[in-house]
Structures are given as C-alpha cells and as structure tokens.
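I opened this structure to look up charged side chains and how they pair. Some notes on strands and helices follow.

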Amino acid sequence: MAAQIHDGDRPLVACASHAQDPADAVAELVEAIGGVELAGALLFCSHRYPREELARVLTARLPGVPLIGCTSAGELTSRGYDTDSLLLIGFPAAGFSMASLRFEDLDNFDPVTAQGAIRQLVAGARLDHGAADDLHQVALFFVDGLSHREELLTMTAQHALGDVQLIGGSSGDGLSFRETAVLHEGRFHSDAAVIAVLTSRRPMHVFCANHYRPGPAKMVITEADPETRTVYEINAAPAAEEYLRLSGSPGEELDVHFFAAHPPMVRTGGQFHVRSVQSANPDGSLTFYCAIDTGVVLTIGEPVDRLTWMRDLFQSVSRKVGEIDHIIGFDCVLNRLDAEDRQILREVSDIYVENNVLGFSTYGEQFLAAHMNQTFSGLAIGRAVDEPVRP
C-alpha cells in the first residue's frame, strides 16, 4: 500500500525547460506543475530569452501565481550547472506562504522608507499565520546585478528584517554585463530589487561559504572610486599591474578566468571574504563586483580541495534541517568558470544534483547584511516535521 502524502509534506515543485521559444518553455513548466496550488514561485532565466515576451506568457499561463526571480549568468537545474534554460521552483500553498515587495530607482533608494515597508511586510506575513509559534521565516532577495547598490540595500533590508535572515543573489546576463533584471508582478525590472518573506513550518536554514583560504600576498588599495567600484592603484602602483605581479603571473591575461583563480579577499568580522574583480580596464584600473575603497587591505585567495569542501558543507547543512527537500543555491558565476578551468565541472554538478540544489549563477551573493562574491550561498529547506503528539 502506497504511503499517503499529507499536504504539508508535498515537496517543492522543481522544473526546467531548454525550449528556446518562451511559449514552449512556459508550457513545459505548466505541465510539470500540474494541479499543485502554489503560494509563490522563484523563476531564473537565461538572458537569451526575450524578456517582455517571456513575462507576457508567464502571466497568461500562470495567472494568480506570485512569481519573483531574475535573469541569470547560468542556471542550476536537475542537470547541475546549466545554461540557456528557464527554471521554476514552486512553493506548495499547503506548506508555505510568500509575500513580496519591490524597490525601484535604486540610485535614489531611501533606506528609511524601505525599512518601514519591509517591517510591514514581515508583520503581515506573520499575522497571516495567526498565533502559531512553530513558524520559520526567511527573506529571499534579488537585485539588479549592475546596480552597484547591493551593499546599501542588503544592510538596510537585514536591519529591518530583525531575526528573519536574508539570502539572495544579484541578477546576471551571462557575462555580457549589459542588461540585467529582476522579475516581479509580471514584469522584468532593471535598476530594481525584490524582497520576499517566505514563511513555513518546514525547517529552513541559510548559509554562505567559499572554498578559498587567504594567501601571503598583501594588497593595499591606495587609490579608488567607491561609487564605480574602480581601483586605480594598489600599493601605490597601477592596480592591474600590481595585481598580476602579486598573483605570481605577470605575463598572463587579466580576464574572468584569471579573476576566478586569484580572488582578492578582505578580512571583516574575523573572517575572510572574497571581493572579486569584474573587469580589467584599458587605463590599468580594476572594476570590482563588491564595494571597495581606499585603505582596504586585501590578500589573494588560494583554493582548497573544492569537492571535499562541498561534501563537508552539504553534510553540515543536512544536520541543520534533517532530510533535505531542496537547496536554493546562489552560486557566483566565477565559481563555475573556476570549475571549468580546473576540469571539475562535471564533478561539481554531480554533487549539486545529489543534494537537490537548484538556483542560478550570480553576479554576487547576499547573506544577512552583507554582499559577497565567489561564494556558494543558499537556502536549505527540509521536509515537513511531524507535529508532536499532545496528551
């Protein structure tokens, strides 16, 4: 006799399509969803899809389903690392609720107004569940990856969220760096960010980690423009030239593969975090993905055994939530390039598949109040926990 699946035990809906036509791709998603009622869903899409057309089809074929998400620099599907795909992760209404809001015109972002709106969002999400004391809440966050406003938005949001922990990623467009967008209320929006509070009795755990250790080389930023995240001088020498010299590779080409293999790291809060380079510029300067300023001291990171590190990480995550339903992953695009260059792309993908990881390759990751680079960050969602028997 087959075991009965209670509504609260229903697994997340996970489906992807590689159809090039938006109508065909969305039709595959709709078929995979079947009759499951969704409280909301995440959608990550290749930058190759025509956005306006895709948004129209999604609205027509999935009416009433709150969709949030963004364009990507690659996807994490049931194949592991993937490209040119459309991915949906749905939260069954029987086990979840989701409420969201959007911020636009990020150059004129008002932290005070934003914090008030976020506090109302959290309070409303909790109120919808009455007096239940066994609820878990997390905040999912997606921001235009070319906005250069991630730090301010992330700090503002986490402050307003209080005990609700934030996790998310910056949208991408392959490696074009031309036009990225977030999805909310049936449209793709540039220069915008979306935050959603996900509420459930399911166990949920957010995490953030990188597979690098600090090396001996030290770099002091001696001239920079924090507004554009551009560094002109390191150790009072031209930035690109000094970065190459300290990396021990003065003759190599400064490209995304080099940046992935030699990540600058900064020590904050007693830990080292990556501050990845986005591009080397014709004038010898470097543009970073993350906030950077004069006086910051960096070191060049060295990789550890990534495959062993990943297995240890997932074992640790599983201890937090028990049996894992899915992990929603936010994986820096440079991690994928590094896996390709080290010829471990298939092995990394296999580990993601084994651990039910779905998500996208980002231009940056948000964790709590911080904007990160070159991490694998995520939200682990466990299976439903049986309610205790009351006498």
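**Entry 1: E179 and R51.** I started with a salt bridge between the side chains of E179 and R51, at 3.7 Å from N to O. This pair links distant parts of the chain, 128 residues apart. I found E179 in the loop between β9 (165-170) and β10 (182-184), and R51 in helix α2 (residues 51-61). The model is predicted, and I read every value with that in mind.

I then checked burial on each side. E179 has 48% relative accessibility, so I log E179 as partly exposed. R51 has a relative accessible area of 16%; because the cut-off for buried is under 20%, R51 counts as buried.

**Entry 2: R229 and E150.** Next I looked up R229, which forms a salt bridge with E150. The closest N and O atoms are 2.7 Å apart. Here too the pair links distant parts of the chain, 79 residues apart. R229 sits in the loop between β14 (212-225) and β15 (230-234). E150 belongs to helix α4 (residues 150-161).

Are R229 and E150 buried or exposed? R229 is buried, at a relative accessible area of 2%. E150 is buried as well, at 0% relative accessibility.

**Entry 3: R383 and E323.** I moved on to R383 and E323, whose side chains meet in a salt bridge at 3.9 Å, N to O. R383 lies in the segment after β26 and E323 in the loop between α7 and β22, so this pair ties together parts 60 residues apart in sequence. R383 is partly exposed, with a relative accessible area of 27%. E323 is exposed, with a relative accessible area of 57%. I followed the partners further: salt bridges that share partners join R202, E323, D325 and R383 into one network.

My search of the whole structure gave 16 salt bridges.

**Entry 4: R306.** I wanted an arginine without such a partner. R306, in helix α7 (residues 306-321), fits. R306 is buried yet has no salt bridge. Which side chain of opposite charge is nearest to R306? D331 is, at 4.3 Å. The salt-bridge cut-off is within 4 Å, so D331 does not qualify.

I did find a polar contact from the side chain of R306 to the side chain of Y81, at 3.0 Å. I also listed contacts, leaving aside neighbours within four places in sequence. R306 touches Y81, H211, D331, N335, D338, A339, I344, V348 and Y352.

**Entry 5: strand β22.** D331 led me to strand β22 (residues 324-332). Nine of its nine residues are buried, so the strand is largely enclosed by the rest of the structure. I looked up its pairing. β22 runs antiparallel to strand β26 (residues 376-382), joined by seven bridges. One bridge partner I noted is I381 in β26, opposite H326. With strand β23 (residues 357-362), β22 pairs in the parallel sense over six bridges. There G329 stands opposite G359.

**Entry 6: helix α8.** Three contacts of R306 sent me here: N335, D338 and A339. Helix α8 (residues 333-341) is mostly covered, with seven of its nine residues buried. Which residues of α8 are buried? They are V333, L334, N335, R336, L337, D338 and A339. After α8 comes Q343, where I read a positive phi, near 60°.

Definitions and conventions. Residues are numbered from 1 along each chain as its sequence is written. This is a predicted model: local features need pLDDT of at least 70, side-chain atom pairs count only at pLDDT 80 or more; totals for chains, interfaces and linings use all residues. Side-chain values use heavy atoms; hydrogens and water are left out. Helices (H or I, at least four residues) and strands (E, at least two) are DSSP runs, numbered from the N terminus. Buried means under 20% relative accessible area, exposed over 50%, partly exposed in between (1.4 Å probe, protein chains only). Lys and Arg count as positive and Asp and Glu as negative; His and the chain ends are not counted. A polar contact is a pair of N or O atoms within 3.5 Å; within protein, one must be able to donate a hydrogen and the other to accept it, and residues adjacent in sequence count only if both atoms are side-chain atoms. Contact means heavy atoms within 4.5 Å. Two strands pair if DSSP finds at least two bridges between them.
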